[in-house]
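Please work through the following exercises with the sequence and the structure in view. Each task is followed by a solution in steps.

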Amino acid sequence: MTAVSELRPGLRRSQRRRRLTAYGMLAPALLGLVIFFVYPLIASVVFSFTRYDLLSDPQWIGLRNYEYLFTQDPKVWIAAGNTLWFVLLLVPVRIVTALLVAMLLASARRASGFWRTAFYLPALVPPVASVVAFVFLFNPGTGPVNTILRFFGVQGPLWFNDPALAKPSLLLLGIWVLGDIMIIFLAALLDVPREQYEAAELDGANGVQRFRYVTLPNIVPVLVFALVTGVIAALQYFTEAAVASAVASGKATVGEGAGQTIGYPDDALLTYTQWIYVRGFSNFQLGYASALAVLLFVVAALFLVLLLRRVKAFTPEEAQG
Amino acid sequence: MKRSIAAIAAVSAVSLLAACSGPSNQEIDPTAPAHLEGTVSLWHFFSDREADVIQSVVDDFEKANPDVTVDVHSGQDDEKLQKAISAGNNVDVGISYSTDIVGAFCSSGAFRDLGPYIERDGVDLSQFSDTTASYTQFEGTRCALPVLADAYGLYVNDDLLAAAGYDHAPKTLEELEEMALKMTTYNPDGSIKVLGFNPLMGYYENTPTNWALTVGATWLKDDGTSNIGSDPAWAEVLQWQKAFVDKIGYDKLQAFSAGMGQEFSADNAFQTGAIAMQFDGEYRTAFIADQAPDLNYETAPIPTLAAHSDRYGGGYVTGNIGGIAKGSKNPELAWALLKYLTTDTAAVVKLSNGLKNAPTTKDALASPDLEVSPQFQTFLDIVANPNSMTTPPSKVGAGYQQAMGDYWNKWQQGDGGDLTDGLAGVDKAINDSLSLVEGP
Amino acid sequence: MRRMSPVTWVAQHTLLAALLVLFAAPVLFVALTSFMTNDQALTATLWPNPWSVEAYVEAFERVPLLRWFANSALYAVLATAFMLLSSVPAAYALARIRFRGANVIFVAVVVAMLLPPQITAVPLYVMWVKAGMTGTLLPLILPNLLGDAFSIFLLRQFFLTIPREYSDAARVDGASEWGILWRVIIPMARPGIAAAALFLFFNSWNDFYGPLLYTSENQEWWPVAYGLATFRGSHSTNWSLTMAITMLVMIPVVLIFFFAQRVFVEGITLTGVKG
């Protein structure tokens, strides 16, 4: 590269000009990355060594926040466990059900128009609205689900009010809004070259084998994409759980604030990011909340380092092609 | 934007290492201003009907001070109030629903030290009861004044009481349990139809703070650390409560509670007659008058365990508190409004009549204008009763009550393990979080 | 092409129809309940009797719904407009200009897009406090002027699909990079730009965490998603009222979808499949 540039000073000049243009176009975004990403990332680490309540100046307290986090915080592992539950169950369940629906639509040749829209639409409903709707549907007293169950002589469970069923209830919500990944799967399924199926059929492959040897290899990239983005979304699972708790608890937040209902029932819906919110913006322990955030960063970063390269869309190579 | 970044840089670089700067002793004018003018903002947590009551008193203040405009922000819970004060929003006077924030707000300076104002204007603090005076200061700093008190007692549905063959409210928990079991009826499918008393911790006002009164259990030691494990009274009430829960069945109670109406709505289970007896605050009398005027009920002090019957007559006393925010741009106006809301007899009586909260000044209590129903009188007696208790201010706010509530919740489900170990665990959780906010 | 046996056809369509009922049921029950009277909604019945629009009327009386909608619209429209201004050129530079540092910047964009926003919440909150802007929607709108990572990513993916020949031809004619972006890429990438805009619009419209953090103490600035979430907290078991508001929150989003369906589906597909 250098040798070429030396031989052709004109090219080097045009390269420099191009770089200037590029950075000109990128300037606002670069500034944004620094102010809204790089700086707060570093500041989070700094804050995590302090005690800070916004009212008085931050005080350096060394590793005290981390000591509390790892050895004394009574709920951080409950919160981490709940988040892990969503990562391990919500993500695969959504992927599998979305894939099944997409395959059904594809093989029934209903991959566009009404049917596709019908299954996609719930994903568009604002999450707050869909959560409120689900808590209503499953409310133990007058909810349609338990009313219908009662009609069949079944005493319905407490759903969002039962610590054991609150997370599975959100799983049902997660399935209802599977449209976002279903659409991607559908597009990928339709992109599978038909000749491959025909060839497999000539070889006498049955349905399962066709899926295993033709469909699957073709849609692996989308599956990985859905997995990576799904895990990332599950790590930051917040709105659905917070709103479900607030609505299901039926408690008026008369004077305490949002932090009061978070986790209901019995911390079953307390996710890690909500715990950051409670400690940071309900208890105003901003230093400690930063320590929690740093731990989340480490976990998320490890995950990204492991998996980012496997998603073609997230790697930069092609830009240079 | 640039300025803010520079500010951050300064904060991160310099003040991280700076020593703790406590609330500064602000200078105030030697005399109160003769004429008040300007705009003052009032942030409070009330909403709907209760907000209207506050507004009516604010209107009176504006009438008395024609050049003053009060900018009212209703529905502001503690979380929002603290956000607004920390962010330097335009908050002059803030009213919180509970005393829990006093510890944090006094020590951090979120609420200003009222001492200089009180001294200058010669406000007589002895007009407040000892309890309300105590929970509005922290470690010697008075940063708040009581804005009415809440007292908690026992509400009893007289029709259900009579139907079960009783003519008086229970005085001991043993009595309460026996009566409650008799009042409880079931649906054909085995689920609860009417519940005599809901023993579940966490239901409506079944808070550890109310249960504490049944045995006179204490929360904190003098140094602010937890006393829960060291006070044997806690174990007594926990054991009684769990035994009661088990008699009906945790799952059954849980199913019933999940289907109950929201506490501050017209569907409150006591108001609809689904619950015969419950712990509640004096404000419930106003909700009943508004939403269930035909309900036939009486009120009584919190019952005690028979072994603690000498403590009978009291209840849990807490209250709303008001203070002047750190960033108040017009502290004199804020002080005038706060003083009016907390010490003007006409204002206190009007607030009390409207909100059905207990007035906190002696003059207001003695005022002939104070409307007192028999049910409400119980709570005025509770406020005056020496057996009544409150929750001490702490730097962890209500954190120590939450720690207790969390363990209690496990305990009533049978997941609490050994009670002594469990309560020691509560001690540790409270002391750990205290040391996190207090420092080494 | 494989031919489908009638049995398979019937089986598949029965299954699809059953699934469709399950997927439609939640919205159906929400709609039905919203047309009940308050009293009826408190009972375990499924069908409104009588039908009543009481809840919808009450919804507008009880809460400042129009204000909430206006706030949501302001948030979503401004955020989207600002994002387009800042992110389209950035995405173009990353997709089409070869320069040293491009890879690093692209990876930074992807990482910024993927890391949970809660990681940086505390310092950003402190920053907006110092800037005196908490209690408003500005902390959620203004950053879009400085690029939005997901939008940059999405736009770049779309720009990559436009054949290079077009821009090369313009370059030979002496067009500058800005000129190519303006005259060649933007006209050709309209569907992609529309998709990115719609995504950000919906994300802003649906945002709950941001308003909770920054505007919870100022009702004047509540967007409708946050208002709905806090509504039931203070207004109890009034399900018909809650469901009426839920319906009102859903409807605009669904309407926009029907007008822009193709753009939307293409955009989603693009994030995962292409590139």
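**Exercise 1.** State which elements of chain B the buried residues of α11(B) pack against.

*Solution.* In this predicted model, begin with the helix itself: α11 of chain B covers residues 250–258. Its buried residues are L253(B), Q254(B), A255(B), F256(B), S257(B) and A258(B). Next, look for what they meet: these residues pack against β8 (192–197) and α10 (232–248) of chain B.

**Exercise 2.** Identify the buried residues of helix α15 of chain B, and state what covers them.

*Solution.* Helix α15(B) runs over residues 345–355. Within that range, A347(B), V348(B), V349(B), L351(B), S352(B) and L355(B) are buried. The cover over these residues includes two helices with the numbers α2 (48–64) and α13 (284–291), the strand β6 (145–157), and also α14 (331–343) and α16 (362–366), each in chain B. Finally, consider the end of the helix: K356(B) follows α15(B) and has a positive phi, near 50°.

**Exercise 3.** Determine whether V91(B) is buried or exposed, and describe its surroundings.

*Solution.* First locate the residue: V91(B) sits in the loop between α3 (78–86) and β3 (93–96) of chain B. Then count: V91(B) has 28 C-beta neighbours inside 10 Å, and 20 or more make a residue buried, so V91(B) is buried. Apart from neighbours within four places in sequence, its contacts are S41(B), W43(B), A84(B), I85(B), A325(B), G327(B) and S328(B). A further distance links V91(B) to N330(B): 239 residues separate the two in sequence, while their C-alpha atoms are 9.6 Å apart.

**Exercise 4.** Classify E165(C) as buried or exposed.

*Solution.* E165(C) belongs to helix α9 (residues 164–172) of chain C. It has 8 C-beta neighbours inside 10 Å; because 12 or fewer count as exposed, E165(C) is exposed. As for distance, E165(C) and L140(C) are 25 residues apart along the chain, and their C-alpha atoms are separated by 39 Å.

**Exercise 5.** Describe the backbone at D267(A) and at L148(B), and give the burial of each residue.

*Solution.* D267(A) is not a glycine, yet its phi is positive, about 65°. This residue is in the loop between α12 and α13 of chain A. With 22 other C-beta atoms within 10 Å, D267(A) is buried. L148(B), also a residue other than glycine, has a positive phi near 70°. L148(B) is placed in strand β6 of chain B, and its 25 C-beta neighbours inside 10 Å make it buried.

**Exercise 6.** Locate the cis peptide bonds that precede P265(A) and P50(C).

*Solution.* In chain A, the bond from Y264(A) to P265(A) is cis, with omega near -5°. P265(A) lies in the loop between α12 (239–249) and α13 (272–282) of chain A. In chain C, the bond from N49(C) to P50(C) is cis, with omega near 0°. P50(C) is found in the loop between α2 (38–41) and α3 (54–62) of that chain.

**Exercise 7.** Describe how chain A meets chain C, then examine the pair α14(A) and α6(C).

*Solution.* Begin with the whole interface: 86 residues of chain A are in contact with 87 residues of chain C. On the chain A side, helix α2 (residues 9–47) gives the most, with 20 residues. That side has 65 nonpolar, 15 polar and six charged residues.

Now take the helix pair. The axes of α14 (residues 286–307) of chain A and α6 (residues 121–130) of chain C come within 9 Å and cross at roughly 140°. The angle makes α14(A) oblique to α6(C). L286(A), A289(A), S290(A) and A293(A) make the contact from α14(A), and A121(C), V122(C) and V126(C) from α6(C). By class, these residues are six nonpolar, one polar and no charged.

**Exercise 8.** Find which residues touch the most other members of the largest nonpolar core.

*Solution.* The core has 312 residues, and M182(A) and F185(A) touch the most other members. Helix α4 (residues 65–96) of chain C gives the most to this core, with 14 residues. Setting aside neighbours within four places in sequence, F185(A) is in contact with A98(A), L99(A), A102(A), I219(A) and V222(A).

Technical notes:
Residues numbered from 1 in each chain as written. Chains lettered and ligands numbered in written order. Predicted model: local features only at pLDDT ≥ 70, side-chain atom pairs only at ≥ 80, totals over all residues. Helix = DSSP H or I, 4+ residues; strand = E, 2+ residues; numbered from the N terminus. Contact = placed C-beta atoms within 7 Å. Nonpolar A, V, L, I, M, F, W, Y, C, P; charged D, E, K, R; others polar. Core = buried A, V, L, I, M, F, W, Y, C linked by C-beta atoms within 7 Å. Axes fitted to C-alpha atoms, helices over the stretch in contact; angles between N-to-C directions. Parallel < 35°, antiparallel > 145°, perpendicular 65-115°, else oblique.
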